[in-house]
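Thank you all for coming. I would like to take a few minutes to walk through one model, beginning with charged side chains, then turning to a sheet, and ending with a helix.

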Amino acid sequence: MSDKLKVMVSGCNGKMGRYVTELIDQSEDMEVLCGYDKVAREFQNFPVIEADKGLSELEDLELIPDMIIDFSVPECSLNIVEFAAKHSIPAVIATTGFTEGQKEIIKAYSADTRIFMSSNMSYVIAHVFVNLLRQIAPELADDFDIEVSEAHHNGKKDAPSGTAEMLVDAMKEAIHPAPEKVYGRKDKRKANEIGIASLRGGNVVGIHTVHFFGENESFELTHTAFSRKLFAEGALTAARFLINQESPGLYNFDSMN
């Protein structure tokens, strides 16, 4: 019997799901127990997840995994966290585009199991970038106008990105009084605002920039993702961390420190 961590990959037929399953297949400490995806027809063309390991209904699951990694869509993720809570399975939720209400539902399920959730699965952007903004934004907010821009491929469903929202929320929490979010600016800028602009085109993996515009100078921080593999690697890092946690709860990259 293998002592590897047995993982179910939710959204396995999507681009990110395939990166995750391939990385797990290449790892020494994990193995793919099964894949879950509503697009069941793709299983026959997937070398890592054989047809008999592909599920399109959670009720068909015969063996309980040690871990779930989810790169799907919000509606599917809610089913995953409900299933994970019911069976006390740790789950890494890497899906984006949740509403505030959906986030609250996931938080409620974390009372019964360990859930790791991040709007971006890069440690650098979700922890380092965010914490830099928590330090810098309050110092510059009085004298600089803050704007956030993000660019992604033309197939991304949510705009602005969950990462852009995360960056703005980090600054809103650090600045007092909290600035107002402005999406897709159309009018003249007001004081104490943070604007968010979204670009979609080509095969851009992800570019996020926070701009600080002053009277005589400007300053910006940018994170550029070159490959989707980055996020798959982050999901596996999160899974390795989560499996070693003892208490139910909602975890993120800040929890690692």
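Please keep in mind throughout that this is a predicted model. Let me begin with a single residue, D145, which has a relative accessibility of 37% and therefore counts as partly exposed, since that class lies between the 20% and 50% limits. The partner of D145 is R189, and the two form a salt bridge in which the closest N and O atoms are 3.3 Å apart. This pair links distant parts of the chain, because D145 belongs to strand β7, residues 145–152, whereas R189 lies in the loop between β8 (180–183) and β9 (193–200), and the two are 44 residues apart. R189, for its part, is also partly exposed, at 23% relative accessibility.

Staying with strand β7 and the loop between β8 and β9, we come to a further pair, E147 in the strand and R185 in the loop, which are 38 residues apart along the chain. Their side chains meet in a salt bridge with an N to O distance of 2.8 Å. Is E147 buried or exposed? At 17% relative accessibility E147 counts as buried, because the limit for that class is under 20%, while R185, with a relative accessible area of 29%, is partly exposed.

A third pair runs from strand to strand: R200 in β9 and E150 in β7, 50 residues apart, are again distant parts of the chain that become linked. The side chains of R200 and E150 meet in a salt bridge at 2.8 Å, N to O. Here E150 is buried, with 1% relative accessibility, and R200 is partly exposed, with a relative accessible area of 29%. Salt bridges that share partners also join D145, E147, R185, R189 and E193 into one network, and the structure as a whole holds eleven salt bridges.

Let me now turn to the sheet. In which order do its five strands lie? They form an open sheet in the order β8-β9-β7-β10-β11, with mixed pairing, and the edge strands, each pairing on one side only, are β8 and β11, the latter spanning 218–225. Neighbouring strands of this sheet are turned by 15° against each other on average, direction ignored. Between β8 and β9, which run parallel, there are four bridges, and K181 has I194 in β9 as its bridge partner. On this sheet packs helix α5, residues 162–174, which touches β7, β8, β9 and β10 (206–213), and the direction of α5 makes about 30° with that of β10.

Finally, I would like to look at helix α1, residues 15–26, whose twelve residues reach 17 Å from the first C-alpha to the last, close to the 16 Å expected at 1.5 Å a residue. The buried residues in α1 are M16, G17, V20, T21, L23 and I24. Seen down the axis of α1, these buried residues fall within an arc of 165°, so they line one face of the helix. As a general point, an α-helix has 3.6 residues a turn, so residues three or four places apart point the same way. What does the buried side of α1 pack against? Its buried residues pack against β1 (5–10), β2 (30–36), β4 (67–70) and α6 (229–243), whereas the face of α1 turned away from that side carries the exposed residues K15, D25 and Q26.

Note on methods
Residues numbered from 1 in each chain as written. Predicted model: local features only at pLDDT ≥ 70, side-chain atom pairs only at ≥ 80, totals over all residues. Heavy atoms only, no water. Salt bridge = Lys/Arg side-chain N within 4 Å of Asp/Glu carboxyl O. Buried < 20%, exposed > 50% of the residue type's maximum accessible area, 1.4 Å probe, protein only. Pairing = 2+ DSSP bridges. Axes fitted to C-alpha atoms, helices over the stretch in contact; angles between N-to-C directions. Contact = heavy atoms within 4.5 Å. Expected span 1.5 Å × (residues − 1). Arc of directions from axis to C-beta.
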